[in-house]
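Biologist: I'd like to go through the labels on this model with you and see what each one rests on. Shall we take a look together?

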Amino acid sequence: SAGNDFPWRVTDQLRNFGVALAIMFVMANLSPQLLMRLAVPIYLVGVGLLVATAVGGVIVKGAQRWLDIGIGRIQPSEIMKLGLPLMLAWYFHRREGGLRTLDFIVAAVIVLVPVALIAKQPDLGTALLVLAAGSFVIFFAGLPWKWLAVMIVAGIASLPLAWTLMHDYQRERVLTLIDPSTDPLGKGFHTLQAMIAIGSGGVFGKGWMQGTQTHLEFIPERTSDFIFAVYSEEFGLVGNVVLLLLFGALIWRALAIALNAPTQFARLLAAAIGLIVFTYAFVNMGMVSGILPVVGVPLPFISYGGTALVTLGMACGMLMSISANRKLVQS
């Protein structure tokens, strides 16, 4: 329904689903031991692609986030959604049982390198989410609570500095979140129209292809960032509950796989994947419903986009691999 006026996007997304399923199947048949050996190369390739994007990436709407590889464009920041947790899981696995302060400092550097490159594109939303993905692994690896408290306090204290470093459009998004009605036809248009669509869906929704906000073109970016508004308008509260239950089941399953994983690497990776899905779904839904600033974050498995879908396919394949090998004895 969201792609009714963009039939080529529907065709492209079907192709993307095919590629994602194929990659998921391949990843599911790789052993966790092989995934661990691939962690460092994937991380280094991801950082290298981010550097290449910074040097000669394709600029779209003022942002240099894509890299042309001849057969199409890729968004290297998507690779780091998994490349970073893989690298950190490998790092902490190698140091299991003897973690020191220096190990957490090194882990922080591993996180900050890709986050800084992504933020420079500029893509603050993805940078923060990649930072969150890395932070999950560090937390599960055993980050002391007092350090976590210090980091939270330091983060809050640095907000005034962060505000001065933000681009004008980023500051406008934060101000729009506080009161989108101050500029209903400008900066607040996206949020207001999305909220109208969600509310007009009611309990049962207007029905598939019957969304007026969608098909009268009031919802911007309706195949990607704001597709949740399209879904809410047409399937209503009942459809949203079903969607939340599906996401919840996937997240619960990932955490259950983490609990039964045979190695530190597998535990950290599975737990991080579960919380990554939660974070991206929460941020996208929060953004569309007006409780979080508007950032370029796709709704997992639903938003249009090949790189994001392939990354999710890889993540699910990794979960399957860890689950299938949960009875193996750590070597």
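Biologist: Which residues form the nonpolar patch on the surface, and how much accessible area do they have together?

Modeller: This is a predicted model, by the way. The patch consists of Val203, Phe204, Leu237, Val238, Val241, Val242, Leu245 and Leu246, and together they have about 780 Å² of accessible area.

Biologist: Let's take one of them. Why is Val242 called partly exposed?

Modeller: Its relative accessible area is 42%. Partly exposed covers what lies between the 20% and 50% cut-offs, so Val242 belongs there. Val242 sits in helix α11, residues 227-259.

Biologist: On to the rings. What makes Phe278 and Phe282 a stacked pair?

Modeller: The structure holds six aromatic pairs. In the pair of Phe278 and Phe282, the centres are 5.8 Å apart and the planes make an angle of 15°. Pairing needs centres within 6.5 Å, and stacking needs planes under 30 degrees apart; the pair meets both limits, so it is called stacked.

Biologist: Where do Phe278 and Phe282 lie in the chain?

Modeller: Both are in helix α12, residues 264-288, and they are four residues apart, about one turn of the helix.

Biologist: Why do Phe278 and Phe282 count as partly exposed?

Modeller: Phe278 has 41% relative accessibility and Phe282 has 42%. Each value falls between 20% and 50%, so both residues get that label.

Biologist: What makes you say that α12 is mostly covered?

Modeller: Of its 25 residues, 22 are buried. As for its length, α12 reaches 36 Å from its first C-alpha to its last, close to the 36 Å expected at 1.5 Å a residue. After the helix comes Gly290, with a positive phi near 85°.

Biologist: How do you know that the span of α13 agrees with what is expected?

Modeller: Helix α13, residues 306-324, has 19 residues, and at 1.5 Å a residue these should span 27 Å. The C-alpha atoms at its ends are 27 Å apart, so the two values agree. This helix is mostly covered, with 14 of its 19 residues buried.

Biologist: Which residue in the loop between α12 and α13 has a positive phi?

Modeller: That is Phe301, in the loop between α12 and α13, with a phi of about 70° although it is not a glycine. Most residues other than glycine have a negative phi, which is why such a value is worth pointing out. Phe301 has a relative accessible area of 29%, above the 20% limit for buried and below 50%, so it is partly exposed.

Biologist: And what is the phi of Met209?

Modeller: Met209 has a positive phi near 70°, and its place is the loop between α9 (189-200) and α10 (212-215). With 27% relative accessible area, Met209 is partly exposed.

Biologist: Why is Ala107 called buried?

Modeller: Buried means under 20%, and Ala107 has 0% relative accessibility, so the label follows. Ala107 is in helix α4, residues 101-119.

Biologist: One more. What makes you say that Arg9 lies over the face of Phe6?

Modeller: Arg9 is 5.5 Å from the ring centre of Phe6. The distance limit is 6 Å, so that part of the test is met.

Notes. Residues are numbered from 1 along each chain as its sequence is written. This is a predicted model: local features need pLDDT of at least 70, side-chain atom pairs count only at pLDDT 80 or more; totals for chains, interfaces and linings use all residues. Side-chain values use heavy atoms; hydrogens and water are left out. Rings of Phe, Tyr and Trp (its six-membered ring) pair if their centres lie within 6.5 Å; planes under 30 degrees apart count as stacked, over 60 as edge-to-face and the rest as tilted. Helices (H or I, at least four residues) and strands (E, at least two) are DSSP runs, numbered from the N terminus. Buried means under 20% relative accessible area, exposed over 50%, partly exposed in between (1.4 Å probe, protein chains only). A charge sits over a ring if NZ of Lys or CZ of Arg is within 6 Å of the ring centre and within 35 degrees of the ring normal. Patches are made of residues with over 30% relative accessible area and no salt bridge: like charges are joined within 9 Å, nonpolar side chains (Val, Leu, Ile, Met, Phe, Trp, Tyr) within 5 Å. Accessible areas come from the Shrake-Rupley method with a 1.4 Å probe; for residues, only the protein chains shown count as cover. A salt bridge is a side-chain nitrogen of Lys or Arg within 4 Å of a carboxyl oxygen of Asp or Glu. The expected span of a helix is 1.5 Å times one less than its number of residues.
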